[in-house]
Amino acid sequence: MEFRDAIRDAMSEEMRRDARVMLIGEEVAEYNGAYKVSRGMLDEFGARRVIDTPISESGFAGMAIGAAMMGLRPVVEFMSWSFSLVAADPILNNAPKMLFMSGGQFGCPIVFRGNDGAGGQLGSTHSWCVEGLFSNVPGIKMAIPATPDDAKGLMKTAIRDDDPVFFLESERLLGLKGEVPVGEDVLVKFGEARVRRAGADCTIASWGRPVHFCLEAAEALAKEGISCEVIDLRTIRPLDIGAIVRSVKKTSNLVVVDQSWSFGSPGSEVAAQIHQRCFDDLDNHVHRVHTEDVPAPYAFNLEQEYLPNARKICEAVRSATYNA
């Protein structure tokens, strides 16, 4: 099953299970979603639960937050997370704080989902990687799946969660195929990382699309005699720092791969926490591989060099393990 269909199955199963779940956003109904993630959902659930909106992110995000406060469980599609910046006030200043500001009178069980990051030659304004910006805000949860099975399990968990969940998808992964489990209660618990590859010399931690670059790098490094353990964090908030600690105590080295900019990023947070918790276990400082600190370029070759890739990860691992 493709990644996009795994997300659709998760949303559809939850809408069949719970009449309070609805989908709202630009082109999610008549057009089946800008990236066809909601294909067929209008036909099954009707226009009262799969709702097309004008191009007005702030408007429909705010409306969905109001619906969540009144007991519904909306899923809001941003065609691109870059456009969510237009709705920054409702999604950052209202949704995550509602439970606290209302003294527990109003919760906000809502999922914001859409495409995140660069990689499709969409230019700088369409290529924001927002986890560095948004994970800073307390009160939200953030899931970033790398595979179709995790996309389904994490989405179902997100819809059932009573807090606002930011669900970040990569356009470059939507066509990725993989085995997806069947069953209404196939959930992926937030805050539990997944070891994608076992290794002994260096831990590589990442999430979302860069996980695949990490696995490619680990395969190449194995041919040089460097054994890497690849950890897929799957959620940034909550962060399974314990999984990285356990791995670093075994490998004594860590490379964090993050597709957002480096300053104030989730990768920076992981590095800080590992230095604090594992200082005596490390053979070298934590190495980070980030997107370059410039706006995303449009040209294909420049965009590829702008993003983390297997070559950069290999160089970081060699440096961390003194094999450079």
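Me: In this predicted model, at what distance do the side chains of Arg8 and Asp5 meet, and what kind of contact is it?

Reply: A salt bridge is read from the approach of a side-chain nitrogen of Lys or Arg to a carboxyl oxygen of Asp or Glu, within 4 Å. Here Arg8 and Asp5 satisfy that rule at 3.1 Å, N to O. Both residues belong to helix H1, residues 3–17, and are 3 residues apart, about one turn of the helix.

Me: Is Arg8 buried or exposed, and is Asp5 buried or exposed?

Reply: The class follows from relative accessible area, with buried meaning under 20% and exposed over 50%. Arg8 has 17% and is therefore buried. Asp5, at 12%, is likewise counted as buried.

Me: Which parts of the chain does the pair of Arg16 and Glu44 link?

Reply: The side chains of Arg16 and Glu44 form a salt bridge at 2.6 Å, N to O. This pair connects distant parts of the chain, since Arg16 lies in helix H1 and Glu44 in helix H2 (residues 41–45), 28 residues apart. Arg16 counts as exposed at 53% relative accessibility, whereas Glu44 is partly exposed at 42%.

Me: How accessible are Glu305 and Arg311?

Reply: Glu305 and Arg311 meet in a salt bridge of 2.6 Å, N to O. Glu305 has 39% relative accessibility and is partly exposed; Arg311, at 40%, is also partly exposed.

Me: Which residues do salt bridges with shared partners join into one network?

Reply: Such a network is read by following each shared partner to the next bridge. In this structure, Glu13, Glu14, Arg17, Lys152, Lys156, Arg160 and Asp185 are joined in this way. The count of salt bridges comes to 30.

Me: Turning to the sheet, in what order do the 5 strands stand, and which strands are at the edges?

Reply: The order is E7-E9-E8-E11-E12, in an open sheet with mixed pairing. Strand E7 (194–197) and strand E12 (287–290) are the edges: each has a single partner strand, so one side of each lacks a neighbour in the sheet. On average, neighbouring strands are turned by 25° against each other, direction ignored.

Me: How many bridges join strand E8 to strand E11, and which residue is the bridge partner of Ile204?

Reply: Strands E8 (residues 202–206) and E11 (residues 254–258) run parallel and are joined by 3 bridges. Ile204 has Val255 in E11 as its bridge partner.

Me: Which strands does helix H12 lie across?

Reply: Helix H12, residues 310–320, lies across E8, strand E9 (228–232), E11 and E12. Relative to E12, helix H12 runs at about 170°.

Technical notes: Residues are numbered from 1 along each chain as its sequence is written. This is a predicted model: local features need pLDDT of at least 70, side-chain atom pairs count only at pLDDT 80 or more; totals for chains, interfaces and linings use all residues. Side-chain values use heavy atoms; hydrogens and water are left out. Helices (H or I, at least four residues) and strands (E, at least two) are DSSP runs, numbered from the N terminus. Buried means under 20% relative accessible area, exposed over 50%, partly exposed in between (1.4 Å probe, protein chains only). Two strands pair if DSSP finds at least two bridges between them. Axes are lines fitted to C-alpha atoms, for helices over the stretch in contact, and angles run from 0 to 180 degrees between N-to-C directions. Contact means heavy atoms within 4.5 Å.
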